[in-house]
Every structure is written in C-alpha cells, then in structure tokens.
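Please open the model in your viewer and keep the sequence panel beside it, since each stop below begins with something to select.

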Amino acid sequence: MTGLTDFFQRPINYLRISVTDRCNLRCIYCMPPQGISLMPRESMLSYEEIKIIVEAAATLGISKVRLTGGEPLARRGLIDLVAMLASIPGIDDISLTTNGLLLSEAAPSLKEAGLRRVNVSLDTLRPERFSQITRWGSLDEVLAGIDAARSVGLSPIKLNTVIMRDVNDDELFDFANMTVDEGWHVRFIELMPFETTDLGFVPIAEVKKRIEVLGALEPCFTEAGAGPAKYYRLSGARGTIGFIGPLSESFCSGCNRLRLTANGQLRPCLASDAEIDLRQPLRNGATKEDLIRLIQEAVAAKPEGHRLGLEDSSCIAMSRVGG
Ligand code: SAM
Ligand code: SF4
C-alpha cells in the first residue's frame with residue numbers, strides 16, 4: 001500500500017526522527033544552562049529498532065526522513081544509521097538537522113552513506129555572540145562544517161536562524177546578504193515558546209518587512225508539502241530567504257509529517273503532547289503489520305492545527321522532539 005492521508009486530506013510522507021535528546025550545546029532558546037533531564041539510555045531506540053519502524057513507515061508511503069535531536073551527530077555511529085535507512089526501499093530522501101559542530105569531519109562519510117542534504121542551525125555570524133547564544137560553541141567550527149557539507153555535495157544546505165529581539169535581530173541584513181554574496185539558503189524562524197526562555201519574540205511578518213528594505217523579495221516556487229517555510233529571493237541572489245512563522249502564521253494546512261522521539265514515541269504534532277508508543281510494542285515482538293497499524297493511528301490523530309502560544313498549549317522541549 002502507498003499513500004498516507006490524514007483526516008484533513010493532508011498527504012503524510014515525511015518522518016522526522018530524533019535520534020537522541022543529548023546535545024553538545026545549550027542554545028539559550030532551546031535548553032537551560034544545565035541541560036534537560038535526559039531520557040534513560042535504555043529507553044532510547046537502537047538503530048536497528050529505528051530501521052524497523054522506518055521500514056513499516058515506508059510501506060505506508062513515507063519517503064522522506066530527517067534525522068534530528070538533540071544533536072544527531074553527537075550520537076555515536078549516526079553514519080551507520082544513515083546507511084541503514086538508505087537501504088530501505090521507498091526512502092528516497094534522507095536529510096539531517098544539525099548544529100554543525102561535528103559536521104566538518106562527518107560530512108564525507110554522511111554523503112557516502114546516502115545522506116542527501118543538511119540543515120544547519122546558525123543564529124549569528126558574530127563569533128562572540130555565537131558563544132553566548134549557544135553558551136560555548138565555536139562559530140568557526142560550524143562554518144567549517146558548512147564548507148565541508150558544500151564541498152561533498154550535500155545540497156541544498158539550509159541555514160536555520162531563530163530570530164530573537166535584541167539578541168540577533170540586528171543581523172537580518174547580514175544573513176540576507178549572504179544569500180546574494182554566498183548563495184546561502186537562510187530560513188528565519190520565529191521563536192517558539194519554551195519554559196526556559198524569556199527571550200524577545202519577533203513576528204515573522206516584521207522580519208520580512210525589515211528585509212524588504214534591502215530590495216523586493218521575489219516569491220520562489222515551492223512544491224506542495226515542501227515544509228512550513230515560504231521562500232523568496234532578493235534580486236540577483238543565488239540563495240533564498242525562507243520565513244517560518246509557527247506562531248503568527250498558521251502552516252498546519254500543509255503539514256506532511258510525523259515525528260519519532262528518541263525513546264520511540266510517535267508524535268502526530270510537534271506542539272501537542274499526544275504520543276503513540278512504538279517502543280514497547282516493538283520490544284514485545286510487534287510485527288510489521290502491528291507497527292503499520294500504530295503508524296496509521298498516529299496519522300489519524302493528527303490535529304487540524306497546533307495551539308502554540310495559546311494559554312492551554314503545552315511547553316515543548318525542542319531537544320526532545322527534534323524541532
Ligand atoms: N541540534 C540540532 C540543531 O540545532 O540544528 C537539531 C535539533 S534542534 C532542536 C532543531 C531545530 O529546532 C533547530 O533549527 C533549532 O534552531 C530549532 N529550535 C530549538 N528551539 C527553538 C525555539 N524555542 N524556537 C524556534 N526554534 C527552535
Ligand atoms: Fe542543541 Fe540544537 Fe537545541 Fe541548540 S537547538 S541546544 S544545538 S538541540
């Protein structure tokens with residue numbers, strides 16, 4: 001059987017897999033300085049278990065997989081997982097979201113194992129500010145990671161930039177200019193609420209308006225189901241500028257994804273605590289058909305829209321769910 005569709009007629013073909021809740025950084029918008037309480041290691045899915053779940057999902061028509069975390073490259077052997085997933089019939093697009101710290105060394109083997117493309121989180125182009133936002137990271141290492149990814153052909157490379165008022169919103173032009181000068185693909189993301197942050201929110205419409213001072217933004221064609229960003233180009237730019245407004249602009253009507261947490265919970269929606277446990281059934285000997293039924297249950301449970309930012313919304317830990 002191929003082709004999964006939810007109750008609201010949205011085709012579901014994309015699975016985001018958080019491979020770990022551990023991270024080698026503590027970005028101020030994502031984690032408190034001391035980190036979060038971690039999942040017990042034994043509760044985390046093994047790579048073999050992840051593969052079994054993806055095989056079942058691929059039978060249902062999931063064709064795109066993204067590895068995220070925590071920091072996915074901080075989990076040992078990630079390259080083996082990429083190769084295991086690349087061997088699954090029907091999986092034709094494997095991507096990675098990373099903070100980039102370990103990317104320069106891993107890029108060639110990731111490419112060889114079957115990774116197609118990479119998103120790198122980068123919230124500032126200023127070295128000192130970078131170590132403040134990430135609490136200790138080195139900007140040079142991330143830039144080296146981006147270069148390495150480019151040189152091995154992991155393409156396109158998209159940069160994810162969370163905009164925070166009075167923290168990095170004075171760098172909008174610098175990032176936008178990189179789409180012209182370096183052909184970067186930059187995606188500006190609205191800050192999402194998380195219990196540890198009292199950082200300043202900047203609506204994505206304001207970000208766009210401020211960038212338009214540089215010149216008109218030409219809309220770019222994007223495929224249906226290409227994700228939550230709306231893409232534009234400054235005149236003459238090789239790169240694009242994406243805007244993602246999870247709070248101020250509803251993108252749920254185009255949602256094509258499910259999320260698998262590192263401890264084996266399938267999440268129909270990023271912003272809801274509802275989860276379907278795959279780990280226990282898997283460890284109790286569930287068959288592929290059982291897993292398929294559970295995945296179908298998760299698809300059926302996808303809400304029409306999220307309630308992020310509303311009073312009764314849940315506070316989500318991005319490092320657990322994978323963003
Ligand atoms: N460690 C990897 C990284 O940083 O790219 C992958 C996991 S991280 C949780 C995935 C994405 O979530 C990153 O692009 C990050 O910027 C984003 N993110 C984390 N906390 C966020 C928040 N409070 N608001 C908006 N985006 C957030
Ligand atoms: Fe780690 Fe990514 Fe969260 Fe930063 S955004 S703390 S790199 S998981």
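Begin by selecting I17, which stands opposite L260 in β13. I17 falls in the range of strand β3 (residues 14–18), which runs parallel to β13 and is joined to it by 4 bridges; strands are taken here as DSSP runs of E of at least two residues, helices as runs of H or I of at least four, both numbered from the N terminus, and two strands pair if DSSP finds at least two bridges between them.

Before going further, note that this is a predicted model, in which local features need pLDDT of at least 70 and side-chain atom pairs count only at pLDDT 80 or more, while totals for chains, interfaces and linings use all residues. Residues are numbered from 1 along each chain as its sequence is written, chains are lettered from A and ligands numbered from 1 in the order in which they are written, and side-chain values use heavy atoms, with hydrogens and water left out.

Next, select the whole of β13 (residues 257–260), where R257 and R259 on one side and L258 and L260 on the other are all buried, so that both faces are covered; buried means under 20% relative accessible area, exposed over 50% and partly exposed in between, with a 1.4 Å probe and protein chains only. In a regular strand the side chains alternate between the two faces of the sheet.

Extend the selection to strand β14 (residues 265–267), which pairs with β13 in the antiparallel sense over 2 bridges. Here R267 is the bridge partner of R259, and in the hairpin, with 4 residues between the strands, G264 takes a positive phi near 85°.

Now move to ligand 1 and display the 18 residues around it, of which Y29, G70, E71, S121 and M192 come nearest; a residue is counted if one of its heavy atoms lies within 4 Å. Three polar contacts, pairs of N or O atoms within 3.5 Å, can be picked out in turn. A polar backbone atom of Y29 is 2.9 Å from a nitrogen atom of ligand 1, a backbone N or O atom of G70 lies 2.9 Å from a nitrogen atom of the ligand, and a polar side-chain atom of S121 lies 2.5 Å from an oxygen atom of the ligand. The protein covers 95% of the 550 Å² of accessible area that ligand 1 has on its own, by the Shrake-Rupley method with a 1.4 Å probe.

Finally, select Q132 in helix α4 (residues 127–133), which counts as exposed because its relative accessibility is 54%.

Notes: A polar contact is a pair of N or O atoms within 3.5 Å; within protein, one must be able to donate a hydrogen and the other to accept it, and residues adjacent in sequence count only if both atoms are side-chain atoms.
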